[in-house]
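Work through the exercises below with the model open. Each task is followed by a stepwise solution.

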Amino acid sequence: MTIKNITEHINNTPLIELRKIYKGKGHLYAKMEHIQPGGSVKDRVALQMIRDAYADGRLLKGMPVIEMTSGNMGAGLAVVCGAFGNPFTAVMSVGNSPERVKILKALGADVILVPQISGEPGKVTGPDIAKAEEVAKEVALKTDAFYVDQFNNPSSVKAHYSTTGPELFNELGERLNAFIAIIGTGGTFIGTSGYLKSKSKSVKCIAVEPRDAAIIKTGRVINPKHIIQGTSYGYIPPQWDDSVVDDIITVSDDEVSRTKELLGKAEGLFVGFSSGANVAAAIKHLEQLDNYTSCVATILCDTGFKYSM
Ligand SMILES: Cc1ncc(COP(=O)(O)O)c(C=O)c1O
């Protein structure tokens, strides 16, 4: 296969059946987003956001682009902005792994690191994100840049409604009983679930939250520090849509890191912590169903190369 531009390699990821980590009666499938060009599911969103911004004139050729990111949105934007010829600056909490800074710089992005407010290295909290967002907005204003605003930008949900959802439905169709995914901005869960529900009356859409920061499930946060970087910041994201969620499964840090490790050792999938969270939750759901016809799909959100441990 020959392609003319790296953006042609975004989307249409393989769907893998996980047969070693889950040996029960049902079927567990996962989208391999960790092999996207920027190393994560956010490449889909980056491409949609930049295309949409060009289409309605918010972004012009050569104009700088700025975003607050935990690293993945930034890597996606670095890839896409590079292809479109727009300089890109990522504003990031210093609590995210140093590997992410390296990747962003290698992909041609400028990186501004913002000190943490309440988190610690590897554990980024809502206030850390809010501070990084404040800095990103200030820089965007000063430099006349296009500020992407992933938490409020509707292109995020649109990207998953028009790509991840159809890709899953084309592969699994009416066999699919449940879609399970963790929440950062909510784009993956809301967009994919919205599409799947438009096609199937029986599909259940189940969100994943950290056990002690399950704000959507329980309305409260016992401990905002968890290991699932890039997700669950202790507040309900602005584009959250209760109408597409059927249930919420919570996972502990231990379950997440054990599952992440097993994905590498048993399945050959070197992925990050949110992939561990998704697969741990999917296995819990399948074990509850205990049924030969059950078919569950989830997301391997990003590559393990983005983490120190
Ligand atoms: C590692 C990781 N996993 C999962 C997600 C969740 O994606 P979404 O923003 O679509 O909810 C993100 C978001 O940035 C992420 O960085």
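**Exercise 1. A buried charge pair**

Task: Classify aspartate 302 as buried or exposed, then find its salt-bridge partner.

Solution.
- Step 1. The model is predicted. Aspartate 302 has 1% relative accessibility. The cut-off for buried is under 20%, so aspartate 302 counts as buried.
- Step 2. Its side chain meets that of arginine 100 in a salt bridge, at 3.5 Å from N to O.
- Step 3. Arginine 100 also counts as buried, because its relative accessibility is 1%.
- Step 4. Now place the two residues. Arginine 100 belongs to helix 3 (residues 98-106), and aspartate 302 sits in the segment after strand 10. The pair therefore ties together parts that are 202 residues apart in sequence.

**Exercise 2. Further salt bridges**

Task: State how many salt bridges the model has, then describe the pairs formed by lysine 158 and glutamate 17.

Solution.
- Step 1. The count comes to 15 salt bridges.
- Step 2. Lysine 158 pairs with aspartate 52, with the closest N and O atoms 3.1 Å apart. This pair links distant parts of the chain: lysine 158 is in helix 5 (residues 155-172), aspartate 52 is in helix 1 (residues 42-55), and they are 106 residues apart.
- Step 3. Check the exposure of both ends. Lysine 158 counts as partly exposed at 41% relative accessibility. Aspartate 52 counts as buried at 14%.
- Step 4. Glutamate 17 bridges to arginine 19, and here the closest N and O atoms are 3.8 Å apart. Glutamate 17 is partly exposed, with a relative accessible area of 22%. Arginine 19 is exposed, at 58%.

**Exercise 3. The two faces of helix 8**

Task: Determine which residues of helix 8 are buried and what covers them.

Solution.
- Step 1. Start with the geometry. Helix 8 spans residues 253-267, which makes 15 residues. From first to last C-alpha it reaches 20 Å, close to the expected 21 Å.
- Step 2. List the buried residues: Val256, Thr259, Lys260, Leu263 and Glu267.
- Step 3. Their directions cover an arc of only 105° around the axis, so they lie on the same side of helix 8.
- Step 4. Recall the general rule. An α-helix has 3.6 residues a turn, so residues three or four places apart point the same way.
- Step 5. Look at the opposite face. Turned away from the buried side are the exposed residues Asp254, Arg258 and Lys265.
- Step 6. Identify the cover. It includes strand 1 (15-17), strand 9 (247-251), helix 9 (273-289) and strand 10 (295-300).
- Step 7. Inspect the exit. Just after helix 8, glycine 268 adopts a positive phi of about 70°.

**Exercise 4. Surface points**

Task: Name the residues that make the nonpolar surface patch of about 350 Å², then locate glycine 82.

Solution.
- Step 1. The patch is made by Met1, Ile3 and Ile6.
- Step 2. Isoleucine 3 is in the segment before strand 1. It counts as partly exposed, because its relative accessibility is 33%.
- Step 3. Glycine 82 is part of helix 2 (residues 72-84). The cut-off for exposed is over 50%, so glycine 82 counts as exposed at 56%.
- Step 4. Compare sequence and space. Glycine 82 and glutamine 116 are 34 residues apart in sequence, and their C-alpha atoms are 29 Å apart.

Definitions and conventions
Residues are numbered from 1 along each chain as its sequence is written. This is a predicted model: local features need pLDDT of at least 70, side-chain atom pairs count only at pLDDT 80 or more; totals for chains, interfaces and linings use all residues. Side-chain values use heavy atoms; hydrogens and water are left out. Helices (H or I, at least four residues) and strands (E, at least two) are DSSP runs, numbered from the N terminus. The expected span of a helix is 1.5 Å times one less than its number of residues. Buried means under 20% relative accessible area, exposed over 50%, partly exposed in between (1.4 Å probe, protein chains only). The arc is that of the directions from the helix axis to the C-beta atoms. Contact means heavy atoms within 4.5 Å. Patches are made of residues with over 30% relative accessible area and no salt bridge: like charges are joined within 9 Å, nonpolar side chains (Val, Leu, Ile, Met, Phe, Trp, Tyr) within 5 Å. Accessible areas come from the Shrake-Rupley method with a 1.4 Å probe; for residues, only the protein chains shown count as cover. A salt bridge is a side-chain nitrogen of Lys or Arg within 4 Å of a carboxyl oxygen of Asp or Glu.
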